[in-house]
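Here is a quick walk through one protein model, written for someone who would rather be at the bench. Have the structure open and follow along.

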Amino acid sequence: MALRLASTRLMTSVARCAPLSSKVPSILLSNSRLASRNVAVQPIMVQKCFNATLSTNSKVVAPPMVYIAGEEMTHYCMNLIIEKWVTPYFDVSGWDHFDLSCKSRDESDDKVLFDAVDAGKKVGAIFKEPTITPSAIQVQEMKLSKAFGSPNGAMRRGWNGITISRDTIHIEGIELGYKNRVLFERHAVGGEYGAGYSTVGRGTLITNFIPSDGQDPIIVDKRVLT
């Protein structure tokens, strides 16, 4: 049995069985404070399934993982998911937890972010809830010392890029406009977190592509800034 965590805007946990010869999959991510309940068990009649240990009369011992908690609605929902569907069946005492809420980042001067990145490098399996990148108004409302940037760039640089899996959430009684499940795979290497930034006024913004063979540049995007 391989424990695999699928990540979306609202993350869900899924357990799947696979042959013992299969390789352990990377456990992927999706951000907040999480108080997990670690329960000591005495397993008997144990069979080995990937990096998880399954006992016939106790919980599945989940493989090591870095759990990065965020805040707001997804954090609340993840607390419910962990409480109702994870800890009753899985022993997650091998998970390392990091609180990436705005308050925690502020109190640690962002040390918690870099600790989480270092832990992710070592363990190689990470689950991340959505975090808040505070606006100027939120900085005042939360009484933060400053506006911390998005942690995602630091994570992607620290982990040398990552594929982010997002799944659609279907709720009974709500029509989404499509019937089938839709999966999004973002290969988040570089992107906007590595882009330049400048404050400009009115004018025209042009994105050019310059061919390596010496041909004339090609305008990829052109827009008027008012």
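## A buried methionine and what surrounds it

M155 is buried, because its relative accessible area is 3% and the cut-off for buried is under 20%. Before going further, keep in mind that this is a predicted model. M155 sits in helix α5, which covers residues 152-158. Who are its neighbours? Leaving out residues up to four places away in sequence, M155 touches I68, L100, L113, V117 and K128. You can also look across to F114: its C-alpha atom is 8.3 Å from that of M155, with the two positions 41 residues apart along the chain.

## The chain as a whole

Zooming out, the protein chain has 5 helices and 13 strands. It runs to 226 residues, and 38% of them count as buried. The accessible surface of the chain comes to about 14,400 Å², and carbon and sulfur atoms hold 54% of that.

## Rings

How many aromatic pairs does the structure hold? There are 2 aromatic pairs. One that you can pick out is Y67 with W95: the ring centres are 6.1 Å apart and the planes meet at 20°, so this pair is stacked. The pair links distant parts of the chain, with Y67 in strand β6 (residues 65-69) and W95 in strand β8 (residues 95-99), 28 residues apart. Are Y67 and W95 buried or exposed? Both Y67 and W95 are buried. Add F127 and you have one aromatic cluster made of Y67, W95 and F127.

## Cysteines

If you were wondering about disulfides, the count comes to 0. Two cysteines are still worth a look. C102 is buried, since its relative accessible area is 3%. C77 also counts as buried, at 18% relative accessibility, because the cut-off is under 20%.

## Salt bridges

The structure holds 4 salt bridges, and three of them are laid out here, with the N to O distance for each.

| Basic residue | Acidic residue | N to O distance |
|---|---|---|
| R105 | D110 | 2.7 Å |
| K146 | D109 | 3.7 Å |
| R223 | D221 | 2.9 Å |

Start with R105 and D110, which form a salt bridge. R105 counts as buried, at 3% relative accessibility, and D110 is buried as well, with a relative accessible area of 10%.

Next come K146 and D109, whose salt bridge has its closest N and O atoms 3.7 Å apart. This pair links distant parts of the chain: K146 is in the loop between α4 (136-142) and α5, D109 is in the loop between α2 and α3, and the two are 37 residues apart. K146 is partly exposed, with a relative accessible area of 42%, while D109 is exposed at 54%.

Last in the table, the side chains of R223 and D221 meet in a salt bridge. R223 is partly exposed, with a relative accessible area of 47%, and D221 is partly exposed too, with 25%.

## Two backbone oddities

Most residues other than glycine have a negative phi. So which residues here have a positive one without being glycine? E72 is one of them, with a phi of about 65°. E72 is located in helix α1, residues 72-86, and E72 is exposed because its relative accessible area is 55%, the cut-off being over 50%.

D109, already met as the partner of K146, is another: its phi is near 55°, a positive value in a residue other than glycine. The loop that holds D109 runs between α2 (102-107) and α3 (111-123).

## A greasy patch outside

To finish, turn to the surface. Which residues form a nonpolar patch there? I169, I171, I174, L176 and Y178 do, and together they have about 420 Å² of accessible area. Take Y178 as the example to click on: Y178 is found in the loop between β10 (162-167) and β11 (183-188). With a relative accessible area of 35%, Y178 is partly exposed.

Terms used:
Residues are numbered from 1 along each chain as its sequence is written. This is a predicted model: local features need pLDDT of at least 70, side-chain atom pairs count only at pLDDT 80 or more; totals for chains, interfaces and linings use all residues. Side-chain values use heavy atoms; hydrogens and water are left out. Helices (H or I, at least four residues) and strands (E, at least two) are DSSP runs, numbered from the N terminus. Buried means under 20% relative accessible area, exposed over 50%, partly exposed in between (1.4 Å probe, protein chains only). Accessible areas come from the Shrake-Rupley method with a 1.4 Å probe; for residues, only the protein chains shown count as cover. Contact means heavy atoms within 4.5 Å. Rings of Phe, Tyr and Trp (its six-membered ring) pair if their centres lie within 6.5 Å; planes under 30 degrees apart count as stacked, over 60 as edge-to-face and the rest as tilted. A disulfide is a pair of cysteine sulfur atoms within 2.5 Å. Patches are made of residues with over 30% relative accessible area and no salt bridge: like charges are joined within 9 Å, nonpolar side chains (Val, Leu, Ile, Met, Phe, Trp, Tyr) within 5 Å.
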